[in-house]
Each structure stands twice: as structure tokens, then as C-alpha cells.
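Dear colleague,

I am passing on the structure we spoke about, together with some notes on what was found in it. Please look at it first, and then read on.

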Amino acid sequence: MSKRDFYDVLGVSRDADDKVLKSAYRKMAMQFHPDRNPGDAEAEAKFKEVNEAYDTLKDGQKRAAYDRFGHAAFENGGFGGGAGAHDFSSTMSDIFEEFFGMGGGRRSGGRERGADLRYNLDITLEDAFHGKTVEIEVPTSITCDACTGSGAKPGTSPATCRTCGGAGRVRAAQGFFTLERTCPSCQGRGQVISDPCESCSGSGRKTQDRTLSVNIPSGIEDGTRIRLAGEGEAGVRGGPAGDLYIFLSVRPHDLFQRDGADLYCRVPISMSTATLGGQFDVPTVDGSTSRVKVPEGTQTGKQFRLRGKGMPVMRSSQHGDMYIQVTVETPTNLTKRQRELLAEFEKESSGENHPESAGFFSKVKDFIDNLGA
């Protein structure tokens with residue numbers, strides 16, 4: 001009896017990708033599984049057919065050969081005895097890996113990537129404005145000089161694990177299934193060290209403080225993260241190093257509050273300056289000063305905008321603005337003469353001098369009158 005086309009067996013098109021193949025296989029394998037169809041010879045035959053089809057099509061080389069030559073590609077010993085001699089446990093391990101996270105790729109010579117590191121760095125607002133280069137001390141793991149990261153004593157080298165044959169995984173049969181787990185002898189590295197390096201105790205790395213230069217760009221904001229690739233912990237036994245992440249925090253400023261690229265500054269002014277008008281100088285974050293003119297009758301909360309006096313915008317030539325918010329300060333500790341002058345002024349003043357308060361109390365009077373009506 002001739003074999004059915006493998007694509008027809010799985011119910012997929014010939015251009016189906018790996019994801020579609022796996023999904024179709026999973027669905028049909030569960031449908032025809034012997035545990036779900038006890039004593040059903042037809043279901044068992046279809047289950048074997050589905051596994052044979054998937055084992056061929058999931059392998060890139062086998063699939064290419066099948067697409068070109070069909071079933072003839074696996075006759076007469078092709079691909080190590082043909083698709084019929086497939087490793088069923090390998091096929092099922094793909095399904096368990098997808099569902100339960102089991103398995104995993106072979107580790108290259110036991111090398112593992114080093115861990116990423118975090119470093120918290122505080123800077124001033126002036127540093128964020130101008131930008132600067134900062135040197136930091138980072139305690140981290142570096143590659144062992146004595147064994148050059150191999151973990152083995154100089155003059156020796158790691159040996160392939162005999163338990164797993166270098167795969168880093170071992171298989172165990174449990175009833176109908178074959179499950180994979182991390183090799184207990186080498187902890188998944190695929191290699192064992194019989195004579196470890198005395199300097200690093202076989203890890204291939206040792207702890208040491210390093211001094212690194214960090215470039216703080218102009219205009220950087222609070223909470224920004226800077227990544228230094230390869231500056232994290234050294235990998236285990238010569239593996240690639242992790243990354244170092246610099247988390248920036250801009251310290252609060254005594255004069256300025258920041259909102260993006262804009263700066264805000266609250267300035268108290270005297271009652272006479274607010275009443276008669278005047279001017280004052282205000283510092284800017286770049287170290288210079290700007291003059292602010294106050295018109296007559298300025299009230300608390302009035303804002304003045306200084307264009308381009310804010311923070312620089314990263315990776316551009318633009319700057320934010322600076323906003324000056326004035327607060328009219330009520331005088332305290334008055335002398336007798338000052339009190340007399342203020343009392344005289346109050347006697348001579350009218351609603352025209354205090355339009356806001358006059359308007360408010362007029363509304364209060366109307367409200368009370370309406371309550372009594």
C-alpha cells in the first residue's frame with residue numbers, strides 16, 4: 001500500500017511554516033493518541049502516520065529532500081534508514097517543550113551568558129543640562145586570567161560529560177512517553193571539569209571592581225536607562241558577558257522644577273514692586289542670568305516665559321522654555337511709620353484699586369441677599 005502525501009496527512013499546504021506544522025501535528029496527535037482510542041487499530045495506525053509525517057517535515061533537510069523526491073528520498077537507507085525509522089521520542093519532546101518548557105538547546109561547551117547588572121547613578125540638574133562623563137566603580141565578575149575562562153586548571157581542559165554525551169540533557173522513559181531533563185552530572189553544560197582552576201574554583205570567572213566611564217548626554221531625563229553592552233558579569237566558562245544598565249536619577253534642585261524640557265522657577269516679589277512695576281534678575285540653569293520686567297498691578301501666580309532658557313532636548317539643537325511664576329509677598333515686622341502709611345493708603349483706596357476682591361465681595365453680598373429673599 002502506497003504512503004499518503006505527508007502534507008495531506010497533516011492537513012497543511014506545502015508552504016506551511018514550522019508553527020503551522022507543529023500546530024497541525026499537535027492537534028492530530030492528540031486526536032489519534034492510543035490512550036484516547038484504546039483498542040482502535042485504525043487510530044493507532046493514523047497516529048503512527050502523523051508522527052512519521054511530522055518527523056520528516058519538521059526537519060529542514062528531510063523536508064527539502066521530500067519536497068524534491070517524495071517518499072523515494074528515504075528509501076534504500078536514505079537519511080539513516082528512512083522516515084519510518086524516525087526517533088519518536090524526539091518528536092514528542094518538541095510537544096512537551098512547547099507545553100511544559102522542557103528540553104532546551106545544547107549548551108556550547110558549557111558556556112553560559114553572564115548576568116546583567118544594574119547601577120543607580122545620581123546626577124545634578126546642571127549635569128543633565130551640560131552633559132558629562134562620569135567614572136563609576138562596579139563590582140562584577142570578570143573572566144579568570146589563569147584559565148582564560150575555561151574553568152579548568154591551566155594545562156587541562158573540560159571533558160565531555162559521559163552521562164549525556166555533551167548534550168546537557170538526558171532522557172528517561174516513563175510509560176508511553178520519553179521525557180527529557182537537565183543532566184544531573186554537568187547541570188546542563190555538556191562538559192565536566194575534573195581538575196578545576198584554583199584561581200576561580202572552576203567557574204571561569206572571579207569578582208573584581210572595575211572602573212567604567214559613562215557618558216551622560218546633554219538633556220537626559222530622570223529615570224533614563226543607559227545600556228553598556230558586554231559590561232555586565234562575565235559568562236560562565238568563557239560564555240558571553242551580560243550587559244550593564246545605568247539607571248539615572250536627577251536630584252531635586254533648590255531653584256528649578258523640571259517638566260520635560262521646560263523649567264519652572266517661583267520668585268517672590270515685594271508688594272511695592274507688584275503694585276508699581278519693576279524688574280529683577282533671575283538665574284538660569286546654564287549659569288547666566290535673565291532680566292524679568294514686572295508690569296504694574298502684577299498679581300500672585302503671574303507667569304513670565306523665557307524662551308529657550310529651559311533644558312536641551314536630547315539629540316537635537318532645541319531647548320525648552322523657562323517659566324517664572326511670581327508670588328507677591330506680604331510685608332511683615334512693620335514699623336510704626338509703615339503701618340501709618342498702609343492705613344492711610346487703605347483709607348484712600350477704593351474698589352478700583354482692588355477689582356478682584358471688590359468683585360468677590362459683591363458676589364457674596366448678592367448671594368446673602370438672595371438667601372433672605
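Thr207 is a good place to begin, and this residue lies in strand S7, which covers residues 205-216; strands here are DSSP runs of E with at least two residues, helices are runs of H or I with at least four, and both are numbered from the N terminus. Please keep in mind that this is a predicted model, in which local features need pLDDT of at least 70 and side-chain atom pairs count only at pLDDT 80 or more, while totals for chains, interfaces and linings use all residues. Residues are numbered from 1 along each chain as its sequence is written, and side-chain values use heavy atoms, with hydrogens and water left out.

Thr207 is exposed, because its relative accessible area is 67% (exposed means over 50%, buried under 20%, and partly exposed in between, with a 1.4 Å probe and protein chains only). If its neighbours within four places in sequence are left aside, Thr207 is in contact with Thr140 and Ser141, where contact means heavy atoms within 4.5 Å. The C-alpha atoms of Thr207 and Glu233 are separated by 9.0 Å, although these residues are 26 apart along the chain.

Elsewhere, Asp122 is found in strand S1, residues 117-123, and counts as partly exposed at 47% relative accessibility.

As for the whole chain, it has 10 helices and 15 strands, and 34% of its 373 residues count as buried. Among contacts with a separation of 6 or more, 64% join residues 24 or more positions apart.

Best wishes
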